[in-house]
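Here is a friendly briefing on some local backbone features and one sheet. Have the structure open as you read, and follow along residue by residue.

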Amino acid sequence: MDFRLADTFTDALARLPAQEQKAVKVSVMDLQLDPSAPGLQMHRITASKDPNFWSARVNRDIRLILHKTGASLLVAYVDHHDAAYAWAERRQIETHPRTGAVQIVEVRERVEAAQPDLARWWTPEETTLPMAAEAPARFLFDGLEDEALLGVGVPEEWLTPVRRTVEDDFFELAEHLPREAAEALLEYASTGRLEAPEPAFVEADPFEHPDARRRFVTIDSADELAAALDAPWDRWSIFLHPSQRAVVERRYGGPARATGSAGTGKTVVALHRAARALRSDAEARVLLTTFSEPLARHLEAKLEVLLAQHRGAAGRVTVASFEAVAVELYELAFGHRPRLARPDQVEAALALASAEVGLSGFSQRFLAVEWEQVIDPRQVTSAEAYAVVPRLGRKTRLGARQREALWPVFERTRARLEGQGLMTAPMLFNALADRFEAHADKPFSHVVVDEAQDLGVAELRLMRAIAPSDGPDRLFFAGDLGQRIFQQPFSWRELGVDLRGRSSTLKVNYRTSQQIREAADALLPPSVRDVDGEEADRRGTISAFEGPAPAISLFASERDEQARVGRFIREGLDQGLAPEQIGVFVRSPRELPRARAAAAEAGIEVIEISGDRTEAEGRVSIGVMHLAKGLEFRWVAVMACDDDVLPSPERVDAVVDPADLDDVYETERHLLYVACTRARDRLLVTGLGPGSEFLEDLVRSLR
Ligand SMILES: Nc1ncnc2c1ncn2[C@@H]1O[C@H](COP(=O)(O)OP(=O)(O)OP(=O)(O)O)[C@@H](O)[C@H]1O
């Protein structure tokens, strides 16, 4: 007999107090060992339309709800006695006649009995369209055939309510529908496209249908059960969206990538891929890497959840930032720690070299950009190499003469840094890439990279060099081109990382409400292509839940702005949020005092997000937008979006190549997008009037 858990059970378990959770876990473990479990005093729930629902006694008050058939025992729910019975009486578990997926379906009569006002959904003749003052309401799905609605998993009994849904009712209705149906309808409501039905899943076990697997998990061992019961609040660790699962389970013959807008679960997919490599291959040595150490620590904590019952696996995985892993590998390979040059040391070396050579006609700024974007990452180490290096995307053309004149400056700069025993980060990555490219013996069997949009040329070379180039699933990248804030675009294919046919886009946003996501998406083009022509398309993305629209306010003075953000923070705290569930972001350190002042207005302590820490109990997190990446908060305020703050005037002024201006604008937009998409439930964007030009797109999306 198959033993299964439903997400409705793990969600309900997560809501119980710790003591009761413990008792429930013991009962569920007993049940797995012996499905007849006489100690649990099972009773059929006769008031349910579904004859297979049973209750099982955990203690005097708590009841498990089980769904038993000849072939399957499903733990469906848990709650206090009356609430548990009411849950089962209101539902039935059935295989959808068209899709073939098992669903938990709410029974019409019970819904009507519990919420009489919803009876209107089934009485179309009485449903009249409410008259709105501005836009007249309309039935959202009136034009769809039954067959189309059934094809996306709408239960038969719910066809009428779906047909009669008006916009204001939609999210309430969606709560009652299986997720696959709600998502398909939401996509239809926002794009006018209804996904084509999959061929029905007739032969196989209906619990194995991809839509069933997002809510039911089959448990094969006591270890698996313990892992699921230990972290019931980490839904992502067990229940994946079919599009996530497809990427997690696919066997890739070459490097592969998952893209998707912020919050679609790219990190979740990266974590599952790393865990899968570790579990499926006892010899695997996996690198899971991302762009900063705090994010690496977040990944590590989450990976622990996935590997809770695979103790041996933990010793075979390294979780570290791009730079930290490079430093560690360098030490192992060369026997000493690299000393990394600070930006001011590089600038000083360039200035000295330029003076020594007597270079004229090129600004200091030009030299710095040429070094940062061409010479250093592309490891140009000779005049001959510089003469032919492609200066991708640079609009300032450099003829042979000019390159000849410039080369001695870069040569001396490199020599000076080396003489001081210093390396830049790209030098470090390239030195290691050279070393490992030449060796058949690689430090890792699998490399999984999160935040891959911010890999530079040298980092990508390194990632490619430290895992074998043959064999499946060696290199996996998760990233969103719309969140690129550090690196210039370049061709991955030119570096031997060809993603053609192995790039997938995730479309369901689990983090951010529909309203916040729609506003933030307005900051970016709907679809972008990378240098190699691979498309990342944000169209058709939907959020798993809805909430209030974001608020955008401009003020005449910083004091007024701070008072508004202070009230926002206080409101969150008064509504029961923990301070660490609130984040406040600004463009640069110069604006941080404004965030501090706002928190002071709310009478709450802050922690400043840094390279080492992102949150602290009892404190609101404040930080610059660059460090917002990968984080999430229930409520977010993005402050100081003034017209002379965003885009950063320093960056705009420093542009020497006209091509860079577009890139500065693009990455400044990305920063605002990253900051806004950290919000789960509420977003407030503020600034001094007239405000950043980027706010116009946000405002337009709210009209
Ligand atoms: N299948 C799932 N079930 C439940 N929650 C999920 C699922 N997938 C993702 N989430 C949750 O959604 C949120 C966003 O996921 P994640 O951080 O993986 O997204 P992302 O695409 O990497 O975001 P970003 O681009 O902003 O870094 C997280 O809180 C995560 O736990």
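**Backbone surprises and a parallel sheet**

Glu 451 sits in the loop that runs between β12 (446-449) and α21 (457-465). Please keep in mind that this is a predicted model. The loop residue Glu 451 is a handy place to start, as its phi is positive, near 55°, although the residue is not a glycine. The strand before that loop, β12, also belongs to a six-stranded open sheet, which comes up further down.

**Positive phi outside glycine**

- As background, most residues other than glycine have a negative phi.
- Is Glu 451 buried or exposed? Glu 451 counts as buried because 27 other C-beta atoms lie within 10 Å, and the cut-off for that label is 20 or more.
- Gln 41 is another non-glycine residue with a positive phi, in this case near 45°.
- You will find Gln 41 in the loop between α2 (18-33) and β2 (43-44).
- Gln 41 has 10 C-beta neighbours inside 10 Å, so it counts as exposed; the label applies at 12 or fewer.

**Cis peptide bonds**

- Again as background, most peptide bonds are trans.
- Leu 646 and Pro 647 are joined by a cis peptide bond, with omega about 0°.
- Pro 647 belongs to the loop between β23 (633-638) and α25 (649-654).
- Gly 689 and Pro 690 are likewise linked by a cis peptide bond, here with omega about 5°.
- Look for Pro 690 in the loop that connects β24 (679-688) and α27 (695-702).

**The six-stranded sheet**

- Which order do the strands follow in this open sheet? Reading across, the order is β11-β10-β12-β13-β9-β14, and the pairing is parallel.
- At the edges are β11 (317-321) and β14 (503-506), each of which pairs on one side only.
- From one strand to the next, the twist averages 15°.
- Helix α15 (residues 322-334) packs on this sheet, where it touches β10 and β11. The direction of α15 makes about 120° with that of β11.
- Inside the sheet, β10 (residues 286-290) pairs with β12 in the parallel sense over four bridges.
- To pick out a bridge between these two strands, start at Thr 289: its partner in β12 is Val 449.

How values were computed. Residues numbered from 1 in each chain as written. Predicted model: local features only at pLDDT ≥ 70, side-chain atom pairs only at ≥ 80, totals over all residues. Pairing = 2+ DSSP bridges. Axes fitted to C-alpha atoms, helices over the stretch in contact; angles between N-to-C directions. Contact = placed C-beta atoms within 7 Å.
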